[in-house]
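Work through the exercises below with the model open in a viewer. Try each task before reading its solution.

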Number of protein chains: 2
Amino acid sequence: MGKGEATRERILEVAEAAVLAKGFGATSIEEVIAEAGLTKSGFFYHFRDKNALAREMLRRYVDTNDRLFDDIFARGRQLSDDPLQAFLISLKLLAEVMADLPNGHPGCLIASICYQERLFDREVRDLTAQSVRDWNARFRGIFDGIAAVYPPKEAVDLDDLADMLSCIVDGAIILSKTLNDPRRLERQILIFRSCVKLMFSGPTLS
Amino acid sequence: MGKGEATRERILEVAEAAVLAKGFGATSIEEVIAEAGLTKSGFFYHFRDKNALAREMLRRYVDTNDRLFDDIFARGRQLSDDPLQAFLISLKLLAEVMADLPNGHPGCLIASICYQERLFDREVRDLTAQSVRDWNARFRGIFDGIAAVYPPKEAVDLDDLADMLSCIVDGAIILSKTLNDPRRLERQILIFRSCVKLMFSGPTLS
DNA sequence: GGAAAACTGTACTCGCGGTACGGATTGTTG
DNA sequence: CAACAATCCGTACCGCGAGTACAGTTTTCC
């Protein structure tokens with residue numbers, strides 16, 4: 001890793017924390033560079049403008065989350081051959097990871113950008129949309145595997161169920177931030193887990 | 001209603017649309033007053049600063065939502081004496097209302113503020129927290145009524161279940177905005193409805 | 001009609017995003 | 001070691017938007 005790349009990484013790290021804490025619009029470049037220890041010229045050498053910063057922050061964020069999900073769901077499958085059990089285990093692991101964050105979840109960059117969309121160019125918005133689609137496709141794949149073994153109760157659309165996990169996480173992050181109670185996120189993941197359990201492993205309804 | 005009050009209302013209306021579309025930080029006072037048809041001096045006559053604007057926007061938003069919820073859940077109880085059925089009806093009504101919004105849900109002001117928190121003073125943040133607590137308490141009351149008749153499956157915490165509705169709505173708004181697909185919100189409310197149905201009306205699990 | 005409320009107009013400060021550009025280090029490579 | 005590029009600094013500047021100050025004007029309402 002060259003020196004330039006290290007600097008970029010430092011800027012992105014500082015910027016991400018600031019954006020999640022205060023929103024993109026309220027995060028000034030000047031405070032970012034002060035925290036990161038370089039000058040304005042240095043910053044604009046690495047990023048053409050604030051949009052370029054957002055783009056790179058997003059890529060970083062999405063990559064980190066992808067790796068986290070890879071880990072968690074691989075570990076689930078590793079601990080059980082049954083697709084439903086594996087997923088339920090993974091959800092519990094996910095809840096634990098979220099609960100272990102010292103100051104609560106810092107926030108979802110996607111959501112943060114969602115509520116600032118006019119500030120960003122098309123490329124950034126496409127990136128957020130694509131990453132959400134990718135995550136939901138991943139979950140959908142898991143539910144397909146589960147449904148093949150356990151016929152689901154009621155007429156549950158598996159795409160909707162996959163969306164639901166994203167919704168729960170994003171919504172619970174907002175809830176826990178708003179109420180200043182980090183534990184809410186963990187609890188919501190676990191109640192979603194109960195729902196999944198009911199949908200697939202309970203007796204069939206009329 | 002005096003003329004001043006009408007002007008305030010006009011400003012708040014314009015500002016809310018702008019904030020939900022672009023975020024609070026990206027909404028300039030200048031464009032708001034241009035749209036509302038008054039001068040800068042006129043604006044600052046009504047609002048001390050941007051924070052005061054946020055505070056009044058919030059009050060307005062919370063009041064509007066409160067009235068909407070009052071309507072919807074009253075209508076549900078009106079259509080069925082059974083607490084579970086009444087709630088399920090209300091959820092369907094809620095889904096319909098959300099689906100009928102011409103350009104999709106404009107966004108949740110609470111969430112918008114949540115991701116900009118450092119921009120606001122304590123009073124604004126307390127207001128968001130209190131309104132969320134109020135809504136969840138309302139839902140919790142409904143679930144109490146249901147649980148009194150239908151013993152819930154599994155060990156479901158009713159507070160968490162009440163939180164879940166807020167999470168689903170907030171999360172689904174983000175999802176539908178990010179993917180530019182308004183129908184996602186309706187579908188998420190309906191799948192939450194399925195979850196509630198399963199939890200209370202299904203046969204008991206082991 | 002007169003006081004208070006509801007504005008307008010002008011002129012200013014300040015911080016921030018962003019540009020421009022010259023120069024100074026620092027690393028890298030032949 | 002020399003030369004070259006990558007990396008970063010300093011400074012000076014522009015434009016925009018939030019917010020202030022304050023005097024003057026119109027509207028509303030009793």
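The exercises treat a predicted model, going from one chain to the chain pair and then to the DNA strands.

**Exercise 1. The fold of one chain**

Task: Count the helices and strands of chain A, and give the span of its C-alpha trace.

Solution.
- Step 1. Assign secondary structure. Chain A has nine helices and zero strands.
- Step 2. Read along the sequence. The pattern is α-α-α-α-α-α-α-α-α.
- Step 3. Take the principal axes of the C-alpha trace. Chain A spans about 65 × 35 × 30 Å along them.

**Exercise 2. The symmetry of the pair**

Task: Find the rotation that superposes chain B on chain A, and say how the two copies are related.

Solution.
- Step 1. Superpose chain B on chain A. The rotation is 180°, the shift along its axis is 0.0 Å, and the RMSD is 0.1 Å.
- Step 2. Interpret the operation. The two copies are therefore related as by a two-fold rotation axis.
- Step 3. Locate the axis within chain B. The C-alpha of Gly171(B) is the nearest one in that chain, 2.1 Å from the axis.
- Step 4. Compare the two contact sets. Of the contact residues of chain B, 100% recur in chain A, so the same surface serves both copies.

**Exercise 3. The protein-protein interface**

Task: Describe the contact between chain B and chain A by residues, buried area and polar pairs.

Solution.
- Step 1. Count residues. Chain B gives 53 residues to the contact, and chain A gives 53 residues.
- Step 2. Compute the area. An interface's size is often expressed as the accessible area lost when the parts come together. Here about 4800 Å² is buried between chain B and chain A, with 67% of it from carbon and sulfur atoms.
- Step 3. Search for polar pairs across the interface. Eight residue pairs are in polar contact, both residues being at pLDDT 80 or more.
- Step 4. Map the side of chain B that touches chain A. At least two residues come from each of α1 (3-22), α6 (109-114), α7 (122-149), α8 (158-179) and α9 (183-201) of chain B. The most come from α8(B), with 15 residues.
- Step 5. Sort that side by class. It holds 27 nonpolar, 12 polar and 14 charged residues.

**Exercise 4. Salt bridges between the chains**

Task: Count the salt bridges across the interface of chain B and chain A, and place the partners of Arg187(A) and Asp157(B) in their elements.

Solution.
- Step 1. Recall the principle. Side chains of opposite charge can pair when their charged atoms come close.
- Step 2. Apply the rule. Over all chains it gives 30 salt bridges. Across the interface of chain B and chain A it finds six.
- Step 3. Inspect one example. Arg187(B) and Asp160(A) form a salt bridge through their side chains, at 2.8 Å from N to O.
- Step 4. Inspect another. The side chains of Arg187(A) and Asp157(B) form a salt bridge at 3.1 Å, N to O.
- Step 5. Place that pair. Arg187(A) sits in helix α9 (residues 183-201) of chain A, and Asp157(B) in the loop between α7 and α8 of chain B, so the pair joins two chains.

**Exercise 5. The surface near DNA strand C**

Task: Which residues are closest to DNA strand C, and which atoms reach its phosphate oxygens?

Solution.
- Step 1. Collect the neighbours. There are 17 residues around the strand, the closest being Ser28(A), Thr7(B), Thr39(B), Ser41(B) and His46(B).
- Step 2. Split the strand's atoms within 4 Å of the protein. Sugar or phosphate accounts for 57%, and bases for the rest.
- Step 3. Check phosphate oxygens. A backbone N or O atom of Thr27(A) is 3.4 Å from one. For a backbone N or O atom of Ile29(A) the distance is 3.0 Å. A polar side-chain atom of His46(B) lies 2.9 Å from a phosphate oxygen.
- Step 4. Assign elements. α3(B) gives the most to this surface, with four residues.
- Step 5. Sort by class. The surface has four nonpolar, eight polar and five charged residues.

**Exercise 6. The surface near DNA strand D**

Task: Which side chains have an N or O atom by a base oxygen of DNA strand D, and what is the class make-up of the surface?

Solution.
- Step 1. Collect the neighbours. Of 16 residues around the strand, Thr7(A), Ser41(A), His46(A), Ser28(B) and Ile29(B) come nearest.
- Step 2. Look at base oxygens. An N or O atom in the side chain of Ser41(A) is 2.4 Å from one. For Lys40(B), a side-chain N or O atom is 3.2 Å from a base oxygen.
- Step 3. Find the main contributor. α3(A) supplies the largest share of the surface, three residues.
- Step 4. Sort by class. The surface has four nonpolar, seven polar and five charged residues.

Methods: Residues numbered from 1 in each chain as written. Chains lettered and ligands numbered in written order. Predicted model: local features only at pLDDT ≥ 70, side-chain atom pairs only at ≥ 80, totals over all residues. Heavy atoms only, no water. Contact = heavy atoms within 4.5 Å. Buried area = accessible area lost by both parts, 1.4 Å probe. Salt bridge = Lys/Arg side-chain N within 4 Å of Asp/Glu carboxyl O. Polar contact = N/O pair within 3.5 Å; in protein donor to acceptor, adjacent residues only side chain to side chain. Nonpolar A, V, L, I, M, F, W, Y, C, P; charged D, E, K, R; others polar. Near = heavy atom within 4 Å. Least-squares fit on C-alpha atoms with pLDDT ≥ 70 in both.
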